[in-house]
Structure formats: structure tokens, C-alpha cells
Amino acid sequence: MKELIILSGKGGTGKTSLTAAFASLAKNMMLCDTDVDAADLHLLMAPKIQKKNDFVGGNEAIINPEKCVGCGLCKELCRFDAVIELTDPVSYAIDAIGCEGCGVCVDLCPEGAIDFPKKTCGEWYVSDTRFGPMIHARLGIAEENSGRLVALIREEARKRTREQHLDLILTDGPPGIGCPVIASMSQANCILIVAEPTVSGIHDMKRVGQLAAHFKIPAMVCVNKFDLNPDQGLAIEQIARENNIHIVGRIPFDPNFTQAMIQGKTIMETHKNSSTSQAIREIWQTVMKNPAMKQERIM
Ligand code: SF4
Ligand code: SF4
């Protein structure tokens, strides 16, 4: 079993469109969308959900008015300003959105007046798509713990990949370098960074590359919309060389990506013979030839 993660330093670089295009080229593959905060791979894959599961990701503090004596200690203690003081009569309540579930008020309330039930923070799904099975998820609005949800769906993707004797997990990762990205990349064979030819694109690629180096995971890069700013595109490639990040190709700016997206398809389906589709095919072949993509990972 091998795993390729497609990442980018920020959203909007074309990461998901490229993942979807790769899905149309891959064989015997499991798709996994770990961009759980802003999942959108499903828009191109039209998954048929086979199984829906709750994600229980933390606890929520709730004051029991029957037991609360209104001492106000919880308001003093809460570092997230999640306890609200109500007037007439003075009483206290917890703002569910502001509560980080740290449990301090629960432990220190002198009356034991704060309940701390588990809370459902989102859902995760097992689906079928026209290219293969897919594991994906949706975190609830303003919910935390996306790193834990990412870890959960990756574990599920691995388990099902093993059971179904599939060869590859193709993962659309979250943007940035935070906790969900770290949860997405552990034990992957390779990372492919999708960079855009801008000043911030250079910075973003470097940050993701450093993270990959830290975890000793080989990194590759392709520059999307290369022709919009060839100077910056070349600068990205130069920095990639200096940082041991393997350059796998360039993708031109192509409005057909948007056209394909509107139809809920990949560009490989709607514009199969275009030069962009050809460039993506070549990038895919180069990625698959990377020696790190040939090693079985212990999972
Ligand atoms: S610490 Fe406990 S008793 Fe005091 S106001 Fe908060 S919930 Fe009520
Ligand atoms: S659990 Fe933590 S964050 Fe939530 S109200 Fe209590 S002290 Fe504040």
C-alpha cells in the first residue's frame, strides 16, 4: 500500500482539481479527502454515500442551573471568555461556540454544577465514486479538533485499503502547515506540493517543504498556472532544487478547470486531449516513478 498526499501552503492553488484529475488516472485506488474544514473534493467526485458516521470530537461544558449558586468562579477561570454573566437575576451560562472544552470550569466549580457531555463535531463518510472508494468528512461549523478527524479518516482509509487489497491512497490534504496537515502526512510515501507562481507561493512551498523534511517524507512540487508569472514559477523551481524538493512539472493556466468544475467533473474527462490534460498525465507518470512511491509502507 502506498499513499500520496497532495498539499499546498494555502487554499485555492488547484490542489483539489489536481487530486481529482489524478483520481481519473489512478488504478486500484482509495480516495481520501482530509481537508475536513473546507471539504470540496466531493463536488468533483459526486460520491454515493454508503455509510455515514458521527464524529465525536470533544466535550462541551453546560451549567446546570439547578445546582449553580452563582458564585461566578467559572467566569473568572475561563481563559476563553466563554462564560456569560446574565443579569436579573445574576446567573451564568456557557457560550457553546466560545467553549474550547478544556474542562477547567468543570473541575473547579465548587458545586459540581457543570456537566461535560461528549459532543458530535461532524460526520465522516464511506462512499463510492466513479473512480473508486472514497473516505471523506465534514467538520461542523466553528468546530475544533480537525486534526483528530483527519487522523480518524486516514486510519479508516488505510483499514479499508488493506481489506479491499487496493494499491494506493490518494489524499487531498488540507491547506497550510497546521495540525490537520501534520495529521495528514504521517507515514505517507510522498507529498506533492501544488504551488502557484506568486511571492506568497514561494513562501508557502518552503513552509510545506520544511514540514515534509522534518518528518523525513520526500516532497515533490508542481507549479500550477505557471504561465501567469513565469519569473515566479522559475523562482519556485530554483528554491525547490535548493531544498531537495523534486520538480515534477508545470500546469498552464486553463479556464477549462473551472468549466470542468461547473460540470462536477475532472478536466481529464471534459478536455481529455487538451495540452493541460497532457501536462497532468505527464506529471502523474513522473510522480508514480518517484522511488519513494514504489516502497511499501508499514501500516
Ligand atoms: S463556578 Fe459553578 S456554581 Fe459558580 S457560577 Fe460557575 S457553575 Fe455556578
Ligand atoms: S470548558 Fe474551558 S473553555 Fe469551556 S467554559 Fe469551561 S473553562 Fe471555558
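**Figure 1. Strand 1 is mostly covered in this predicted model.** All seven of the seven residues of strand 1 are buried. Here a residue is buried if 20 or more other C-beta atoms lie within 10 Å of its own, exposed if 12 or fewer, and partly exposed in between, with C-beta atoms placed from the backbone. Lys2, Leu4, Ile6 and Ser8 point one way from strand 1. Glu3, Ile5 and Leu7 point the other way. In a regular strand the side chains alternate between the two faces of the sheet. Strands (E, at least two residues) and helices (H or I, at least four) are DSSP runs, numbered from the N terminus. This is a predicted model: local features need pLDDT of at least 70, side-chain atom pairs count only at pLDDT 80 or more, and totals for chains, interfaces and linings use all residues. Residues are numbered from 1 along each chain as its sequence is written, while chains are lettered from A and ligands numbered from 1 in the order in which they are written.

**Figure 2. Strand 1 pairs with strand 10 and with strand 11**. Two strands pair if DSSP finds at least two bridges between them. Strand 1 and strand 10 run parallel and are joined by six bridges. Ile6 has Asp172 as its bridge partner in strand 10. Strand 1 also runs parallel to strand 11, with four bridges. In strand 11, Leu192 stands opposite Ile6.

**Figure 3. Nine strands form an open sheet**. The strand order is 3-8-9-2-10-1-11-12-13, and the pairing is mixed. Strand 3 (48-59) and strand 13 (246-251) are the edge strands, each pairing on one side only. On average, neighbouring strands of this sheet are turned by 20° against each other, direction ignored. For such angles, axes are lines fitted to C-alpha atoms, for helices over the stretch in contact, and values run from 0 to 180 degrees between N-to-C directions.

**Figure 4. Strand 8 and strand 9 pair in the antiparallel sense**. Strand 8 covers residues 118-129, and strand 9 covers residues 132-139. Eight bridges join the two. Gly132 in strand 9 stands opposite Thr129.

**Figure 5. Both faces of strand 12 are covered**. Six of the six residues of strand 12 are buried, so the strand is largely enclosed by the rest of the structure. On one side are Ala219, Val221 and Val223. On the other are Met220, Cys222 and Asn224. Strand 12 pairs with strand 11 in the parallel sense over five bridges. Val221 is the bridge partner of Ile193.

**Figure 6. Helix 5 and helix 7 lie across strands**. Contact means that the C-beta atoms of two residues, placed from the backbone, lie within 7 Å. Helix 5 (residues 146-163) lies across strand 2 (29-33), strand 3, strand 8, strand 9 and strand 10 (168-175). Helix 5 runs at about 165° to strand 9. Glu156 is found in helix 5. Glu156 counts as partly exposed because 19 C-beta neighbours lie inside 10 Å. The C-alpha atoms of Glu156 and Thr286 are separated by 28 Å, with these positions 130 residues apart along the chain. Helix 7 (residues 199-214) lies across strand 1 (2-8), strand 11 (190-195) and strand 12 (219-224). Helix 7 runs at about 170° to strand 11.

**Figure 7. Helix 1 packs against helix 11**. Helix 1 spans residues 15-25, and helix 11 spans residues 275-289. Their axes lie 10 Å apart, at an angle of about 75°. The two helices are therefore roughly perpendicular to each other. Angles of 65 to 115 degrees count as roughly perpendicular, under 35 as roughly parallel, over 145 as roughly antiparallel and the rest as oblique. Helix 1 makes the contact through Leu18, Ala21, Phe22 and Leu25, and helix 11 through Ile280, Arg281 and Trp284. By class, the contact has six nonpolar, no polar and one charged residues. Ala, Val, Leu, Ile, Met, Phe, Trp, Tyr, Cys and Pro count as nonpolar, Asp, Glu, Lys and Arg as charged, and the others, Gly among them, as polar. Ten of the eleven residues of helix 1 are buried, so helix 1 is largely enclosed by the rest of the structure. Among the buried residues are Lys15, Leu18, Ala21 and Phe22.
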